[in-house]
Amino acid sequence: MIFEGLADKLQSTLKDLRGKGKLSEKDIDTAMREVKLALLEADVNFKVVKDFVKKVKERSLGAEVMESLTPGQQVVKIVNDEMTNLMGSVQSRISFTSKPPTVVMMVGLQGAGKTTTVAKIGHLFKKQGKVPMAIACDVYRPAAIKQLQVVGEQAGITVYTEEGNKNPVSIAKNGVERAKVLGHDLVLIDTAGRLHIDGELMDELKQIKEQVRPTEILLVVDSMTGQDAVNVSQSFDEALGVDGIVLTKLDGDTRGGAALSIKAVTGKPIKFSAIGEKLGDLEPFYPDRMASRILGMGDMLSLIEKAQSSFDEKEAKKLEEKIKKQELDFDDFLMQMQQIKKLGPLKNIIEMIPGMPKNMKDMDIDDNALVHIEAIIRSMTLKERRNPDIINASRRKRIASGSGTSIAEVNKLIKQFGEMKKMMKKMGSMSKNKKGKRGMMNFPKGFNLPF
């Protein structure tokens, strides 16, 4: 879970406040002391913590809380508001130029995930109709150019290389000119990193900036390095003038110090966050949504957006028709399974659902269970998938053997599928209108039932 330790402590502290009918100054002092400790343990910058707690306390002792019918909930709202402000208040986007191409220079230390991030950003904007090109300017790290070519091919974006040319400045300049000729409207320059900040690295980056005049400079930092990420951001900003931050490895960051400090200390917004290794595991950074997730309020908007971008709308309509006609079969079940897998790990999905009990969020969810179910369904014949009632004992034995699972697992899946069909039948009956005709079953666009 993202910021697991911080989230648990804050949610526990605020839960105690929620349950109180009235709040005294002592109640607020006690709660703020716990909030302060939780933030410091999460490696949040000391000055940032001090200012944050001061603002929350001042607002909590004001009329908006003390005269409220639900003072505990009002304090929670204040903490949520101030945490959102801490991370940037509103979402910050890449500024696209009216005259293409928009040139984005990617900088950062070695190991932060810069090259992969270039491909992820290209992949993200290609889905939005842009025509990206990546330029390979890291001529020092072994296989850096090859890595960009591989991830670029996976993302479906053009990668410009001058492998015989060892001058990153001329590669960047020539690459941008080439992008103009080929009609690319987004150029991502993958620059070299170092294991530490040095004069040689900064001089090279300054020369590239001077020659190509990038629209934006994005700094890629490893969120798991905590306050080091904040210090790195300050150094790069002082030398180059950074326009935004990309936080990588956020799924492995259980503390949250970088995300909660970086905007307040540097003044630079977090524009993207990477929450996994796959190409689709890069998200625009929404401060309000991240605050909600930290405080246990879920993030339904991001979940729906993920679903809309991952799910096939034509298949969704076909499925809806089959549900209404009560004609679901195992092929439909399999299709839904594949769509759910596109959303990422099940644990991450559960975290986004508002009001989900903590014991559900803490469950050890095995994503391999989906793999086993898929194997069982693929071991069925076409006839068995479409008519599960014919699956007798001998067929179940054959399916278990073919899928590498047990007969008990096959039995369990068939039973669950039968129960699901009964539930759908009841839902269909409830949706009948007064004339006895079946009413429409309304699902959010692109968001289907996740069986």
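Here are four short exercises on salt bridges and nonpolar cores in this predicted model.

**Exercise 1. Find what Lys9 pairs with, and work out which parts of the chain the pair ties together.**

Step 1. Start at the side chain of Lys9: it meets the side chain of Glu41 in a salt bridge, with N to O at 2.2 Å.
Step 2. Place both residues. Lys9 belongs to helix α1 (residues 4–18) and Glu41 to helix α2 (residues 25–41), so the salt bridge ties together parts that are 32 residues apart in sequence.
Step 3. Check the surroundings. Glu41 has a relative accessible area of 49% and is partly exposed; Lys9, at 39%, is partly exposed too.

**Exercise 2. Decide whether Lys271 and Glu216 are buried or exposed, and say what their pairing links.**

Step 1. Confirm the pair: Lys271 and Glu216 form a salt bridge whose closest N and O atoms are 2.9 Å apart.
Step 2. Locate the two ends. Lys271 sits in strand β7 (residues 270–274) and Glu216 in strand β5 (residues 216–222), so parts 55 residues apart in sequence are tied together.
Step 3. Apply the cut-off: buried means under 20% relative accessible area. Lys271 has 4%, so Lys271 is buried. Glu216 has 3% and counts as buried as well.

**Exercise 3. Look at Arg385 and its partner, then at a salt-bridge network, and put them in the context of the full count.**

Step 1. Arg385 forms a salt bridge with Asp331, and their closest N and O atoms are 3.0 Å apart.
Step 2. This pair links distant parts of the chain, with Arg385 in helix α19 (residues 382–386) and Asp331 in helix α15 (residues 330–342), 54 residues apart.
Step 3. Arg385 has 15% relative accessibility and counts as buried.
Step 4. Now turn to Arg59, Lys77, Asp81 and Glu82, which a network of salt bridges links.
Step 5. For the whole model, the count comes to 17 salt bridges.

**Exercise 4. Describe the largest nonpolar core and pick out the contacts of Phe236.**

Step 1. The largest nonpolar core holds 70 residues, and those touching the most other members are Leu6, Phe52, Ile135, Ile189, Phe236, Leu260 and Ile294.
Step 2. Ask which domains contribute: domain 1 (4–89 + 299–303) and domain 2 (102–285) each supply at least three residues to this core.
Step 3. Zoom in on Phe236. Setting aside neighbours within four places in sequence, Phe236 has contacts that include Val107, Leu109, Ile197, Met202, Leu219 and Val242.
Step 4. Finally, another core of 25 residues lies apart from the largest one, with Ile94, Ala134, Leu186 and Leu282 among them.

How values were computed
Residues numbered from 1 in each chain as written. Predicted model: local features only at pLDDT ≥ 70, side-chain atom pairs only at ≥ 80, totals over all residues. Heavy atoms only, no water. Salt bridge = Lys/Arg side-chain N within 4 Å of Asp/Glu carboxyl O. Helix = DSSP H or I, 4+ residues; strand = E, 2+ residues; numbered from the N terminus. Buried < 20%, exposed > 50% of the residue type's maximum accessible area, 1.4 Å probe, protein only. Core = buried A, V, L, I, M, F, W, Y, C linked by side-chain atoms within 4.5 Å. Domains from an automatic or database assignment. Contact = heavy atoms within 4.5 Å.
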